Structure formats: C-alpha cells, structure tokens
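This briefing sets out selected features of one protein chain and its ligand for a reader at the bench. The sequence and the structure are shown first, and the notes follow by topic.

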Amino acid sequence: MTLEKTQLNEDIQFLLKDVNKPLAVVDLSGTIYKANHRFIESFGIGQQSNIRDVIAEQSLLTMNDMLKQISDKKRMTVEIQMKLHKDQCCVKVSVLYDETASKVIMLFDLSLINKKRLDIHWGSAFIQSDSLFIISDQEGIIKDMNELSIELFDISHEYFIGKTIDHVLELFSEKTLKIEKFKQQIAEEGHIETIQQYIHPSEHIRYYKIASFKDDETNLILTKITDFTEKTMLKQQLAHKGSLLEVGQLAASIAHEIRNPITTLKGFTQLLKATANDETLKYLNVIDDEIQRMELILSEMLFLSKPSSFEKEIISVHTLLSDIIRVIYPKATLESIMIVQDFEFEGEPSLFAEEGKLKQVLLNLLKNGLEAMQPGGTLSIYTKKSGQNKINIVIEDTGKGIDENHLKQIFMPYFTTRSSGTGLGLPFVLKTVEDQGGTISVTSELGKGTKFILSFPIAEKDKTITEEEKKKFVTK
Ligand SMILES: Nc1ncnc2c1ncn2[C@@H]1O[C@H](COP(=O)(O)OP(=O)(O)OP(=O)(O)O)[C@@H](O)[C@H]1O
Ligand SMILES: [Mg+2]
C-alpha cells in the first residue's frame, strides 16, 4: 500500500498498523498524536511527545518550515537529521497533510540510516579489502560495490551500480552457477557459498569464491567475491599427489613381485635363442621385445612410487628442445605431421634441472600430441618469457582434444583412453615437473587441439652449483 493511494482521513488507524516503516501522525505544532510500533521502537518516543525531540538541531529549521508549509503544499519530502540511539542519522521523510483531521502524517524511510550503519561497519573492510564486496537490496539491485571488480572481471564497478546482481552472476558459467537457485537459497537459508570457475578476458582460468549473506535487519544482501585460484589449484595438485602416493605403494609391491619372474623369463629366452632356428627366433624376438616393454612399464611404476634422487645441472632449454625434436622428427614425418618450432624467448635461456628426466617429460608430451593427431596435423613447440624470471615451454597440437570430464583425470595414474596406453605418461610428467620446481597447466578444446604449458624458473647461466644444492634435490 502506498501512502498516496490511501484514504487517509478514514484509514489512519489502519495505516498505523499496516505500514512497515516508522510512521507518526502529528499536529501542526509537532505534538505526536499517534505513532506506530516501528516509530516508537526506532526513536524511543510516542504519543504526546513532540516530534522535535528526536530531530537534530541542524534540522529543526527544516522541520519548522515543513510544519508551516504543509497545509498549503499538502505533500512534501524532506531529508532531516534525526537522533537515533545516541547517533545522528539522515532520514528521508514523506509528509502528507490530512485536511479533514488537520493532522500531518510522517512516514520515515530508514534505508539511508541502514546504509550509513553499513558504511560504518563495513566501510574500511569494504574499501581496503582484496575481495569484491557488493551490497544489493531485496530486488537484487546493486546499491554499492568496491572497486575490485576491475581486478576480478576487468569491468569498472560503475557499470554494475543500479543494475541487478544477476549481471555479476551471469559472468560465471551457467552450467555450474544457476542464478535462480542461488537466489532462492539466500532467500530461504540467508546465506550461500560456492566456488566458481571464471574465464578471465586474458583467457586465464580463475576460480572465485562467492559468498552471499542476507542481513535481516537491513534486508540488504552482502556478497563477497574472492580470488580463490591459487588455493583451488593447490587443492587439485594435492589431490593428484594423494593418488600418486597410493598408487605408488601398490606399484612398489606389484613391481617387486613381477620383477623376479621377468628376470627368469629373460634368462630362459636368451638360452632358447642360442639353439633356436630362424622361425623360432622370430617368435623369441617378439617375446624379448615384450619383456623389455614390461620392464619399461615397471620402471615407470617404480619411479612414481619412489622418492626421486638425481642431480640437477644447468641446461640450455633450446638445445634440449632441438635434441628432442630431432628424436620425434622421423615418426612425425612418417605420419605426415608438421612440426613447428618457434623459440620466441630471446637469448639462450637455461634451466636448473635434471636433463634426462626433462627429456622424458617432453617426449611423453610430444608422443601424446602425435598420438592425438591425424595426418596433416601440426605439433608446435615454443618457448615464451613469463613474468620476470620464468620460461614457458609450450607444446600444442591440433589433435582431437580432451573433453571437460577427461581433462580432470588425465594426471591420474592409469587413466587412459588409448587401448595400448598405460596411463602413466602424464602422472610421470606432473611428478617430474613439480620435482624440478616447475608447474604444468593444460587447456584443450574438443576437435581443435590441446596445449600443455610447462613453466620453470630461469637459471643463471654462470651460476656455480654447490654440492649442497645438488643434494637438496631429493624429493619425497
Ligand atoms: N595431447 C593430447 N591430446 C588428446 N588427449 C590427450 C593428450 N595428452 C593426453 N591425452 C589424454 O590423456 C590420457 C592419458 O595420457 P597419458 O600420457 O598419461 O597416458 P597414455 O598416453 O594413454 O598412455 P602412455 O603414455 O602410457 O602410453 C590419454 O589416454 C589421452 O586420453
Ligand atoms: Mg602418453
């Protein structure tokens, strides 16, 4: 019910009960004739008191003017300072004159107070925080917001003010964030917390934690959005580490059991070879090859399970990459796959790492790339400077890509989609890269291709490595 539409002279009693905001009916001298419960609760005075008792000194003039003019003007809106809980607050008052009763009806809008209160409580947290804070009303209209939106979304906070909170929530994937459900939970439970993926305009995947809370007193909704990318990544990496450890223990016991019979098999095959004719030799060679393959798989399993210990040295990235490309070149040519190398990184960047292991990492990634492509595909290997002192080694293919579900699992031991694959390639890659102080990330698009980015700190070339540093490189 709005004030304008009410038949005031008949409905004063009804109005007093029905209106949810503080309301007072005063005579032209300011004496309170009637006040509703909200008014008494908010200002601590009621019937027979004078309204001036709760008006701050600097607003008394405005109040007197209003009482003088209202019988002519009939309707006015004034903003006055009022005394409230030992405080002074700005209140918007809608005033109406009821001619029949010669009474003034005053309706007090406290939302300005609420905003001020919020400003006091949240003021410094709001401005200085490294989270984005958004204050929206019951309808979802954004009333205020700090400037963090530029950092998080690359959009100025001014763009959002006055729009609905949906404009912010729509920035997240509708696959995971259902806006209606989100709002329903706030309405029903008063709060919600969720972590959502956000594709930043710079194409980086970020993870943001959104926490919304409804304040019953003010009926405002406070939403806090925090960059959670590093924590989420760390959690994902730890999850991989956990699975590597479990698999490692299992692998160690299996590998140990299988190694002995394999050694026996190998011995007898050599013996048989000495007396075999051409026909049998062919089969024995196949057995031999397969035994070698089994040994290779076993050593990969054991590598995942054991703490690694090897010596690091300064290695030239571009020489290393050229060596590896030479190794895969014949296979790529046979399969009509083009290899593109582009060492954008100027100069001769070096890494402090174990060369043999790094070669295996690159070979695994390049092998995966080749396996994902049809003839005519392109495998690109390039280096790029990243930040102040990091080098990115990028391996990109134009193969079949990896779907979203599989992408979450590719670093898990034994995950494979290839009939002849072991699924140990990428877990090896992840462990080795991390062991050597690097990070790995992957993006992929189905039908288009996959891109792995390895990032390592650049080493100073003239650095002399102490025995201590070499030994430090023993991981658990
Ligand atoms: N470049 C890529 N393109 C498409 N899918 C990939 C790519 N790299 C990895 N994958 C997917 O990840 C899975 C796991 O890879 P991983 O290297 O760990 O094992 P694998 O290649 O299947 O077996 P292995 O490396 O032991 O021969 C693959 O089976 C494949 O589904
Ligand atoms: Mg592989």
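**Helix α11 and its surroundings**

Helix α11 comprises 18 residues (317-334), and its first and last C-alpha atoms are 26 Å apart, close to the 26 Å expected at 1.5 Å a residue. The model is predicted. The protein chain contains 15 helices and 17 strands, and 41% of its 476 residues count as buried. Among contacts in the protein chain with a separation of 6 or more, 54% are between residues 24 or more positions apart.

- A kink of about 40° is found in α11 at Ile-328, shortly before the proline Pro-330.
- The buried residues of α11 are Val-317, His-318, Leu-320, Leu-321, Ile-324, Ile-325, Ile-328 and Ala-332.
- An α-helix has 3.6 residues a turn, so residues three or four places apart point the same way.
- These buried residues of α11 pack against two strands that precede and follow the helix in numbering, β11 (313-316) and β12 (338-343), and also against β13 (350-353), α12 (355-371), β14 (378-386) and β15 (390-397).
- Ser-336, which follows α11, has a positive phi near 55°.

**Helix α3**

- Helix α3 (residues 60-73) has 14 residues and spans 19 Å from its first C-alpha to its last, close to the 20 Å expected at 1.5 Å a residue.
- At Leu-67, α3 bends by about 35°.
- Leu-67 is also among the buried residues of α3, together with Met-63, Met-66 and Ile-70.
- The cover over the buried residues of α3 includes strands β1, β3 (75-84), β4 (87-98) and β5 (103-109).

**Strand β1 and its partners**

- Strand β1 (23-26), one of the elements covering α3, is preceded by α1 (8-18) and a loop that holds Asn-20.
- Both faces of β1 are covered, with Leu-23 and Val-25 buried on one side and Ala-24 and Val-26 buried on the other.
- β1 runs antiparallel to β5, and 4 bridges join the two strands; within this pairing, Ala-24 has Met-106 as its bridge partner.
- β1 also runs antiparallel to strand β2 (residues 32-35), to which 3 bridges join it; here the bridge partner of Val-25 is Lys-34.
- The hairpin formed by β1 and β2 has 5 residues between the strands, and Gly-30 in its turn has a positive phi of about 100°.

**The hairpin of β16 and β17**

- Strands β16 (residues 439-445) and β17 (residues 449-457) run antiparallel and are joined by 7 bridges.
- Glu-445 of the hairpin has Gly-449 in β17 as its bridge partner.
- There are 3 residues between β16 and β17, and Gly-447 in this hairpin takes a positive phi near 80°.

**Loop residues and backbone angles**

- Most residues other than glycine have a negative phi, and most peptide bonds are trans.
- Gln-48 has a positive phi of about 75° although it is not a glycine.
- The loop between α2 (37-43) and α3 holds Gln-48, and this residue is exposed, with a relative accessible area of 63%.
- Lys-74 is another residue other than glycine with a positive phi, near 75°; it is found in the loop between α3 and β3.
- Lys-74 counts as partly exposed because its relative accessibility is 32%, which falls between the 20% limit for buried and the 50% limit for exposed.
- Asn-20 counts as exposed because its relative accessible area is 59%, and exposed means over 50%.
- Asn-20 and Asn-36 are 16 residues apart along the chain, and their C-alpha atoms are separated by 9.1 Å.

**The surroundings of ligand 1**

- Ligand 1 is surrounded by 21 residues, of which the closest are Thr-416, Thr-417, Arg-418, Thr-422 and Leu-426.
- Thr-416 places a polar side-chain atom 2.5 Å from an oxygen atom of ligand 1.
- Gly-423 has a backbone N or O atom 3.2 Å from an oxygen atom of ligand 1.
- Gly-425 likewise has a backbone N or O atom 3.4 Å from an oxygen atom of ligand 1.

Technical notes:
Residues are numbered from 1 along each chain as its sequence is written. Chains are lettered from A and ligands numbered from 1 in the order in which they are written. This is a predicted model: local features need pLDDT of at least 70, side-chain atom pairs count only at pLDDT 80 or more; totals for chains, interfaces and linings use all residues. Side-chain values use heavy atoms; hydrogens and water are left out. Two strands pair if DSSP finds at least two bridges between them. The expected span of a helix is 1.5 Å times one less than its number of residues. The bend at a residue is the angle between axes fitted to the seven residues ending there and the seven starting there. Buried means under 20% relative accessible area, exposed over 50%, partly exposed in between (1.4 Å probe, protein chains only). Contact means heavy atoms within 4.5 Å. A residue is near a molecule or strand if one of its heavy atoms lies within 4 Å of it. A polar contact is a pair of N or O atoms within 3.5 Å; within protein, one must be able to donate a hydrogen and the other to accept it, and residues adjacent in sequence count only if both atoms are side-chain atoms.
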